[in-house]
Amino acid sequence: LDNLNKVPQNINLWLVYLLSFISDKNTTEDLSKIIYCIDFLYSKTDLKPNELKSLVKKIQECFKLLQHFEQKDGSFKSSISLSPIDETRCALFSINLLEDLSQDLVFYYKVRELNPITKIYQNLHFINNTYNLIRK
């Protein structure tokens with residue numbers, strides 16, 4: 001849609017509906033797809049206060065889910081059907097988008113419930129282990 005310069009009608013409704021898919025039943029792969037769509041829709045609209053509140057809450061929830069999936073060896077684990085490297089790829093993609101969204105909300109909407117992003121992947125707790133896992 002972005003290449004076509006198109007957005008769905010009722011974009012704000014789509015955004016809120018998409019937020020409803022975020023739950024503790026999601027895998028890292030699910031989250032990466034949902035967050036990618038949120039990032040696309042968010043960038044094409046102006047949020048109303050209730051939408052902003054819902055988005056902030058779901059961003060916080062996503063960070064907590066990803067933290068729960070993070071393993072001390074640097075990998076991520078949310079499903080028995082995904083490989084550790086695929087899970088890690090999806091998680092890193094999601095964290096990158098979430099940090100970008102967070103920073104936008106802090107800057108443009110003056111959101112105080114989210115911490116400003118001071119470095120890339122600041123929400124990755126075992127970054128050296130993740131780096132070593134990816135480097136293999």
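I take exposed to mean a relative accessible area over 50%, and buried to mean under 20%. The model I am examining is a predicted one.

**Entry 1. Two exposed residues**

I looked up Asn128 first and found this residue in helix 5. Its relative accessible area is 59%, so I record Asn128 as exposed. I then looked along the chain for Asp73, 55 residues away from Asn128, and computed 9.1 Å between the two C-alpha atoms.

Next I turned to Thr118, which lies in the loop between helix 4 and helix 5. Thr118 has 72% relative accessibility and therefore counts as exposed. The C-alpha atom of Thr118 is separated by 9.1 Å from that of Gln103, with the two positions 15 residues apart along the chain.

**Entry 2. Helix 4 and helix 5**

I recorded the pair that flanks this loop. Helix 4 covers residues 84-108 and helix 5 covers residues 127-135; their axes are 11 Å apart, at an angle of about 125°. Helix 4 is therefore oblique to helix 5. The crossing of helix 4 past helix 5 is left-handed. On the helix 4 side I listed Ile85, Thr88 and Leu92, which meet Thr130, Leu133 and Ile134 of helix 5. By class, I noted 4 nonpolar and 2 polar residues in this contact, with no charged ones.

**Entry 3. Helix 2 and helix 3**

I moved on to helix 2 (residues 28-42) and helix 3 (residues 49-69), whose axes come within 12 Å and cross at roughly 155°. An angle over 145 degrees counts as roughly antiparallel, so I assign helix 2 and helix 3 to that class. Helix 2 passes helix 3 with a left-handed crossing. From helix 2, Thr28, Leu31, Ile35, Ile38 and Tyr42 take part; from helix 3, the partners are Leu55, Cys62, Leu65, Leu66 and Phe69. I noted 9 nonpolar residues here, 1 polar residue and no charged residues.

**Entry 4. Helix 2 and helix 4**

How closely do the axes of helix 2 and helix 4 come, and at what angle do they cross? I found that they come within 8 Å and cross at roughly 30°. The two helices are therefore roughly parallel to each other. The crossing of helix 2 past helix 4 is left-handed. Helix 2 contributes, among others, Glu29, Ser32, Tyr36 and Asp39, while the helix 4 side includes Glu87, Cys90, Phe93, Asp100 and Asp104. I counted the classes as 12 nonpolar, 3 polar and 5 charged residues.

**Entry 5. Cysteines**

How many disulfides does the model hold? The count comes to 0. The reasoning needs one cut-off: a pair of cysteine sulfur atoms must lie within 2.5 Å. For Cys37, the closest cysteine sulfur belongs to Cys62, and the 12 Å between the two sulfurs is too far for a bond. For Cys90, the closest cysteine sulfur is that of Cys37, at 13 Å, which is also too far for a bond.

I also looked up how accessible these two residues are. Is Cys90 buried or exposed? With a relative accessible area of 7%, Cys90 is buried. Cys37 has 34% relative accessibility, so I enter Cys37 as partly exposed.

Key:
Residues are numbered from 1 along each chain as its sequence is written. This is a predicted model: local features need pLDDT of at least 70, side-chain atom pairs count only at pLDDT 80 or more; totals for chains, interfaces and linings use all residues. Side-chain values use heavy atoms; hydrogens and water are left out. Buried means under 20% relative accessible area, exposed over 50%, partly exposed in between (1.4 Å probe, protein chains only). Axes are lines fitted to C-alpha atoms, for helices over the stretch in contact, and angles run from 0 to 180 degrees between N-to-C directions. Helices (H or I, at least four residues) and strands (E, at least two) are DSSP runs, numbered from the N terminus. Angles under 35 degrees count as roughly parallel, over 145 as roughly antiparallel, 65 to 115 as roughly perpendicular and the rest as oblique. A crossing is left-handed if the near helix is turned anticlockwise from the far one by less than a right angle, and right-handed if clockwise. Contact means heavy atoms within 4.5 Å. Ala, Val, Leu, Ile, Met, Phe, Trp, Tyr, Cys and Pro count as nonpolar, Asp, Glu, Lys and Arg as charged, and the others, Gly among them, as polar.
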